[in-house]
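Q: I'd like to learn how to read buried residues, helix faces, cavities and pockets. Could you take me through them one by one?

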Amino acid sequence: MAEKKLLSGNEAIARGAFEAGVTVGTGYPGTPSTEILESLTTYPGIYTEWSVNEKVAFEVAMGAALSGARCLLTMKHVGLNVAADPLFTASYTGIKGGLVLANADDPAMHSSQNEQDNRHYAYAAKVPMLEPSDCQEAKDFTVFAYNLSETYDTPVILRTVTRLSHSLGVVEIEESPSREREIEGFRRNLKKYVMIPGHARARHVVVEERMKRLEKDVNGFSINKMEIADSNIGFITSGIVDTYVREVFPDASVLKLGCVNPLPGEMIREFFGRVKKVSVVEELDPFIELRIRAMGLQVEGKKYYPVTGELTPDLVRKPFQGEAALTVKTAKKGLENRISLPPRPPSLCPGCPHREFFKIARKLGLIVTGDIGCYTLGVLPPYNAMDTCVEMGGSIGHAQGIEIAGGKPEGTGVVAVIGDSTFAHSGITGLLNAAYNGRRSLIVVLDNSTTAMTGMQPNPLSGQRINGEETVRLDYIKLALAFGMNEENVRIVDAYRPKEIEEALTSLLESKRLSLLVVQGLCIILKKRRRKAG
């Protein structure tokens, strides 16, 4: 029996995973994907965890899948850069229980350092990728993805974008889905699961055969839909862009691709035979357009649309206005927002414990290599106190590189700044590298006891798990000592005591030894939440 609920795209994916019988969910928080795993924690009978980074999350989920459990793995687009290593080999080993990676791209970079198009990952790793276009499909495609994963013995990527992840829609759900699945446990299979070269060569053949089978079968997948109306022009779409095309061109023919890797070649050729002119409407790279061109078909797409940023209904409409060759009707322009809102540049929160650090860093004229998190806002006025920021965990390595290259301006020091969650994610390895190679860098961890940027998720430095359960809390001093650092070069200070911070910065820089300074202060928003909760 079904009922209807108002769900976001992220919540719909979690619901789909629950209905599909998922029992393990792992991931690393990252906007716009964070709420998928958070929503999954609300369902009974499912183990969930925030892993220390995306690679580990993939490995945990893969281990569970190889034991026969259905697993959901979540991360944002750049997170897949971290998890790419196990992804490519998981394509070789295959899975046992369904393994679905919900991966959220961020066109227009609402909260990201780049806007990479992760459809390329599916093509390169030779795994299927599905793209839902609305919240109902987000749930339905998730269920479909598990069956696909087990039928073809492969991980499946479910790609969303910010606009779908955070939009709300009415979703039809199963009130009492059947979740009973027998989990056999891990069975030894060396040739399938141990990828030494001799085994891997044989498995690569299996992967290619699987892709050939998928390329044929995908033409019959129910998630690919062809609708023929006006035969003058047809649009090939996928994902959220499909809703824009249908809004702007209600009378046009549309081939909506639910599966973007592999493409349904036979369906595409049939579509070309039924309309006079075909355009691909897609965000970011010409991923579909180039593959259709490779089929020997003449198609347009990026001739009309940019490779940067998000599309909107108005952007989809614009290239076709005044085109004499195009006779397709366009819908009347939608409602316009006539209210001009004042700009709201991002900034550190009033009362943020890390404001004092950036004031002092600016005052001392430090070169600050920065990292990913809300503290990245220290680069903006009034602080202007960050000099680099590239990727998760990169700050510590960048500081080492600057130290090795030398040539820093006289009288300045180089400091790597990283948050507690990012330090656990991939900063620890940078610190180990610094200790191993005899660097003299000063590493500063701005510890606010949470992963604030993505919505207050716990991490190994906060002492809690995803469900609020108390757990081990990494000890900075013991960690540094284990890396061979001197005890006097490890300091923990209060974020609200600027004199202590400045004194620690100055003395640790003067020591000219590898140093770790932890500036601790509870996130002001988390403090308010806890006070409110009593």
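Q: Let's start small: where is the place of T154?

A: First, a word on the model: it is predicted, so local features need pLDDT of at least 70 and side-chain atom pairs count only at pLDDT 80 or more, while totals for chains, interfaces and linings use all residues. Residues are numbered from 1 along each chain as its sequence is written, and side-chain values use heavy atoms, with hydrogens and water left out. Helices (H or I, at least four residues) and strands (E, at least two) are DSSP runs, numbered from the N terminus. T154 sits in the loop between α6 (135-152) and β7.

Q: Is T154 buried or exposed?

A: Buried means under 20% relative accessible area, exposed over 50%, and partly exposed in between (1.4 Å probe, protein chains only). T154 has a relative accessible area of 0%, so it is buried. Contact means heavy atoms within 4.5 Å. Neighbours within four places in sequence aside, T154 is in contact with I95, L99, V127, P128, S149 and R210.

Q: Which residues of helix α14 are buried?

A: In α14 (residues 355-364), they are F357, F358, I360 and A361. Seen down the axis of α14, these buried residues fall within an arc of 160 degrees, so they line one face of the helix. The arc is that of the directions from the helix axis to the C-beta atoms. The buried residues of α14 pack against β14 (367-369), β15 (414-419), β16 (442-447) and α18 (498-511). Just after α14, G365 takes a positive phi of about 70 degrees.

Q: How many cavities of 30 Å³ or more does a search of the whole structure find?

A: On a 1 Å grid over the protein atoms alone, a cavity is a set of points where a 1.4 Å probe fits but cannot get out; a pocket is an open set with protein on both sides within 12 Å along at least five of seven lines; lining residues have an atom within 4 Å of a point. Grid points are joined across faces, edges and corners, and a volume is the space filled by probe spheres set on the points. The search finds two such cavities. The largest holds about 110 Å³ of space. Its lining has 13 residues, with E131, R159, V161, S238 and E283 nearest the centre.

Q: And how much space lies in the largest pocket?

A: About 740 Å³. Of its 40 lining residues, S111, Q113, I372, G373 and M453 are the closest to its centre.
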